[in-house]
Each structure stands twice: as C-alpha cells, then as structure tokens.
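Trainee: I am new to this structure. Please take a close look at the side-chain contacts, and walk me through them one by one.

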Amino acid sequence: MTASKSAVINYIHLDESCTLSFRKAPRKTYTVEEAVETIGFGRFHVLLVSIMGSTSVAEAMEIMLLAVISPVIRCEWRLEEWQVAMVTTMVFLGFMSCSWIWGYLADRYGRWKILLLVTVWSSYYSGLTSFAHTYGWFVFLRSMVGCGVAGHSQGFIIMTEFMPSKYRGRILPLGQLFWLLGSIIEILLAYLIIPTLGWRWLVRISTIPSIILLVVFKCIPESARYNVSVGKSQFATKTLTYIARMNRSCLPQGSLLDSETSIRGRMSDLLGTEFRRTTLQSWFIWLGTAFAYYGLVLTSSELLENNPVCGGEGANKGPDVVNTLETCHCKVFESADYQTMIISTLGEFMFIPFSPFIIESLGRRRSLALTMAASGIFFLLLNICSSRSMLTTLLFILRALVSANFTIIYIYTAEVYPTTIRSLGLGSCSSMARIGAMIAPFVAQVLLGTWPITALCLFSAVCIICSILAFTLPIETQGRAMQEINPSTSSI
C-alpha cells in the first residue's frame with residue numbers, strides 16, 4: 001500500500017516536471033540605450049566624432065566669414081554701420097526661421113537625411129554669394145546660407161544618440177575643437193586671400209569643407225534611436241551590429257525592443273507639463289548664450305579696429321584723422337588685427353581640457369551657471385580702458401567662457417529631451433539663439449560705437465540672468481539615461 005502511494009506521488013511529480021519543461025521561456029529583449037552602453041566607446045565613435053564634429057568646422061567658417069569680410073564689403077559698397085550689422089542679422093534671421101523646421105523634419109524623416117540636405121543647401125548658396133555684385137543680393141544669399149547652416153546641429157544629435165552615457169560629458173565637449181579649428185582656418189584664409197585674391201575667392205574656398213562632408217557622410221548610418229522610434233527595428237539592429245563589429249564588441253542577448261510611436265515632433269510636447277519649464281528657461285538661456293557669443297565675436301573686431309572705450313574714432317578724433325567718406329568706409333584689417341583675432345579665438349581652447357572634469361563633477365546646470373556668471377563679470381571688465389595686450393588677454397579669457405556656455409547648453413539640450421522630440425527641442429532652442437544673434441550686431445557694431453559702457457553692461461546683464469536660469473533648471477541630465485519616448489505620451 002505504501003509502495004503504491006509512493007508510485008502515484010512520483011508520477012505526479014514527473015508529470016509536473018514535464019509540464020514545466022515545455023513551458024515557453026520569456027523572450028529576452030534590449031533597448032537601444034542598453035545596446036549603446038554594452039557596445040561601449042570604440043573605433044566607430046572616433047569616426048563619428050571626426051565626421052559629425054566636422055560639421056562644426058563648416059558652420060564656424062560660415063559664421064566667422066561675416067566678421068572678416070565686414071570691413072571689406074563696407075569699403076566696396078560704401079555701407080553705413082547699420083547696413084553692415086544688417087548682413088549678420090539677416091543671416092541669423094534665416095538661421096532662426098529654419099532651425100525649428102529642420103528639427104521638426106528630422107524627428108519626422110530622419111537626422112541623416114536632413115543633415116545631407118542642409119549641407120547641400122548651404123554649400124550651394126554660399127558659392128552663389130561670391131558672385132553677388134550688389135549689397136541686396138549679398139544679404140539675400142547669405143540669409144539663405146543661414147537657413148542651411150541652421151540644420152548642421154543634426155550632426156550633434158546623431159553624435160549624442162550614439163554616444164554611451166559615461167562618455168557624453170567627456171567626449172562631446174571636445175567637439176568645440178572643431179568649431180575652434182573652423183574659426184582659425186577662416187581667419188588664416190582671410191589673412192592670405194583677401195589682400196591678394198579678394199573676398200569673393202575667400203567665400204568660394206570656404207565652401208570646400210562642406211563639399212568634403214557630402215562625400216564622407218555615407219560612413220555614418222542613421223540614428224538607431226530614430227529608426228526604433230519609427231518602427232524600423234531591423235535597420236536599427238543592423239546599425240548596432242555594424243557598430244559592435246567595428247568596435248570589436250557585441251550586442252546584448254535577445255532582440256531589440258520595438259518602441260514605435262506615431263507621436264513625433266510635436267511642439268505641444270515641448271510645452272507640455274513634462275518639459276514646459278525646461279523649454280522656456282532653455283529658450284532664454286540659448287538666446288543669451290548666442291547674444292553673448294556672437295556679440296563678443298563682433299565686439300572683438302570693433303574693439304581692435306577702433307576701441308571706443310578709450311575714446312577712439314567716433315568719440316574723440318585726433319587731429320591727423322580726416323573725416324572723409326574714404327576714411328569712414330575703408331578701414332580694413334591689418335596683420336596685427338588678424339593676429340589678435342587668432343589669439344582671442346584660441347581662447348576657446350583654454351576651457352576644453354577642463355570641460356570634461358567640470359561638467360562631470362558639477363553637473364550640467366551648475367557648470368553652465370558658473371561659466372555664465374564668469375562671462376558677465378569679464379564683460380564688465382572690458383569697460384576698463386587698457387592696453388592692446390591687456391585687451392587681448394581679456395578677450396582671450398572671455399572667448400573661452402562664452403564658448404563653454406555654448407558647449408554645455410548644447411549637451412544639456414540634446415540629453416534632456418526624448419528621441420521623439422529631441423531634434424525639435426534642439427531646433428527650437430537654436431531658433432531662439434538666433435534672436436540673440438540677430439540683436440548682437442546692433443549692440444556690438446552700432447551701440448558700442450556711441451555708448452560703449454551701455455553695450456558692454458547689457459552683455460553682462462544678460463549673462464547674469466542666464467546664470468540664474470541655468471542654476472534653477474528643473475532637470476539635471478548628468479548620469480541620466482536618454483529617453484526614447486515622452487513619458488507624458490507613452491500611454492497614448
């Protein structure tokens with residue numbers, strides 16, 4: 001009886017074990033974030049930074065071009081101060097008008113496609129600028145260049161979305177090296193070409209980096225995060241496999257999790273409850289950052305050409321200065337001016353070695369608040385009449401600070417928004433920045449000549465306000481995983 005009962009129990013246990021053995025195991029999945037972190041940093045990322053970072057070279061050359069040819073076109077077309085300022089303003093008007101459009105389209109149709117399109121656009125219209133024979137055509141064509149350059153930020157988006165989280169704070173600030181390189185190349189080209197071949201050849205040669213980029217873009221695939229968001233998981237898996245193979249790494253076990261959503265690129269998400277305060281504060285910070293940066297670039301040339309703080313032309317003319325049309329319109333840069341511009345531009349390099357440590361140790365918000373406050377202080381110091389060497393030193397340090405502001409806010413904005421609105425978020429912020437860039441020429445080139453203290457104090461006040469706003473941003477992105485879908489719409 002006991003043996004029979006034991007046999008029945010054993011049969012039941014055997015039946016249960018057989019049932020359990022045939023139960024289907026749960027399917028393993030992984031997200032793009034997990035795949036990027038597992039693959040790690042490697043050879044692909046070196047190529048990624050080299051190519052996408054070079055978009056900053058092309059953008060910097062187009063922007064610096066305005067500073068180095070302003071004295072020349074002023075002479076050729078006998079322009080007034082406000083007309084010279086209008087050139088820069090119209091460029092940034094085009095930039096502002098198209099930044100959010102490119103961002104919207106990138107969230108809808110892909111980052112890579114838009115980056116290719118805007119590079120072709122900016123190269124084409126920049127080349128046409130060299131054939132402009134009237135001031136009106138020159139302004140129109142440069143504004144079209146601004147429309148194209150507005151989309152170059154998609155290169156930064158692609159770079160950010162492929163970068164592992166622990167390397168974003170270390171590697172992305174190094175992208176400033178490319179902007180620095182583009183600025184210095186443009187100044188050197190202007191020094192060599194304008195006195196010999198003229199400004200038109202300078203414009204043509206300045207388009208070469210963009211043409212080279214059109215060839216090498218094919219080495220970088222579309223963002224895997226974007227492909228997943230639009231339901232193209234197969235393409236995303238193929239991209240991640242390519243990266244893993246190139247880095248001599250491997251993907252996580254399982255299959256890529258599909259997080260397709262039809263809700264992408266909506267402005268209402270930027271101003272929804274999740275991101276409203278972040279967006280509004282970021283918009284003003286971007287405006288102030290661009291106002292200070294481009295204002296300093298233009299202020300540098302004005303202070304070097306004729307320092308109004310020390311009672312230069314327009315405030316106190318010497319007896320040997322003849323107030324003629326020729327004198328007013330044809331004061332071009334000399335060798336010493338180009339050298340000083342290069343030295344002040346090299347100031348951007350000063351922050352780069354320290355930026356990874358500062359950004360990672362203090363976080364994005366406090367780092368930005370610190371550099372913004374320091375920028376405001378150094379703008380005030382420019383009110384002191386000083387020697388050329390002291391002025392160069394102040395411009396050198398201030399250039400490092402205002403470029404650091406741009407570096408940090410770029411990283412923060414790309415990290416804080418989810419994939420579905422990341423390009424739109426960065427594009428809208430970039431559009432706000434161009435408002436500041438549009439105002440800057442009238443302060444740096446018009447107001448500075450008559451009321452220098454007022455102009456410099458205005459730059460300082462904006463920096464201080466931005467410092468407060470940066471410190472009070474509601475979200476800190478340091479060590480935070482990049483979101484794929486807006487939490488407020490994930491349940492829809």
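Mentor: A salt bridge, as the term is used here, is a side-chain nitrogen of Lys or Arg within 4 Å of a carboxyl oxygen of Asp or Glu. The model is predicted, and by this rule ten salt bridges are counted in it.

Start with Glu62 and Arg142. Their closest N and O atoms are 2.7 Å apart, and the two form a salt bridge. Glu62 belongs to helix α3 (residues 43–76) and Arg142 to helix α6 (residues 135–149), so this contact links distant parts of the chain, 80 residues apart. Buried means under 20% relative accessible area. Glu62, at 4% relative accessibility, therefore counts as buried, and Arg142, with a relative accessible area of 2%, is buried as well.

Now take Arg225 and Glu33. Their side chains meet in a salt bridge with an N to O distance of 2.7 Å. Arg225 is in helix α12 and Glu33 in helix α2 (residues 32–39); the pair links distant parts of the chain, 192 residues apart. Both Arg225 and Glu33 are buried.

A further salt bridge joins Asp107 to Arg111, with the closest N and O atoms 2.9 Å apart. Asp107 and Arg111 are both buried. This bridge is part of one network, in which salt bridges with shared partners join Asp107, Arg111, Glu161 and Arg422.

Next come the aromatic rings. The model has 24 aromatic pairs by the rule applied here. One of them is formed by Phe92 and Phe95, whose ring centres are 6.4 Å apart with 40° between the planes, a tilted arrangement. The two residues are three apart in helix α4 (residues 81–109), so about one helical turn separates them. Phe92 has a relative accessible area of 1% and is buried; Phe95 is buried too, with a relative accessible area of 2%.

The pair of Tyr191 and Tyr338 is edge-to-face, at 5.6 Å centre to centre and 70° between the planes. Tyr191 lies in helix α9 (residues 176–193) and Tyr338 in helix α17 (residues 335–345), so the pair ties together parts that are 147 residues apart in sequence. Tyr191 is partly exposed, with a relative accessible area of 35%, whereas Tyr338 is buried at 6%.

Phe92 and Phe95 also belong to a cluster. Ring pairs link them with Phe156, Trp179, Trp286, Tyr293, Tyr294, Phe406 and Tyr410.

Charged ends meet rings as well. The charged end of Arg434 sits over the ring of Phe95, 3.8 Å from its centre. Phe95 is thus a residue with two kinds of contact described here: the tilted pair with Phe92 and the charge of Arg434 over its ring. Elsewhere, Arg204 lies over the face of Trp201, at 4.8 Å from the ring centre.

One last place to look is the second largest pocket, which has a volume of about 220 Å³. Its lining includes Tyr109, Lys113, Glu222 and Phe235. Helix α12 (224–229), where Arg225 is found, and helix α13 (233–246) each supply at least two lining residues. The largest share, three residues, comes from α13. By class, the lining has four nonpolar, two polar and four charged residues.

Definitions and conventions. Residues numbered from 1 in each chain as written. Heavy atoms only, no water. 1 Å grid on protein atoms, 1.4 Å probe; cavity = no way out; pocket = protein on both sides within 12 Å on 5 of 7 lines; lining within 4 Å. Points joined across faces, edges and corners; volume = space filled by probe spheres on them. Helix = DSSP H or I, 4+ residues; strand = E, 2+ residues; numbered from the N terminus. Nonpolar A, V, L, I, M, F, W, Y, C, P; charged D, E, K, R; others polar. Phe/Tyr/Trp six-rings, centres within 6.5 Å; stacked < 30°, edge-to-face > 60°. Buried < 20%, exposed > 50% of the residue type's maximum accessible area, 1.4 Å probe, protein only. Lys NZ or Arg CZ within 6 Å of the ring centre and 35° of its normal.
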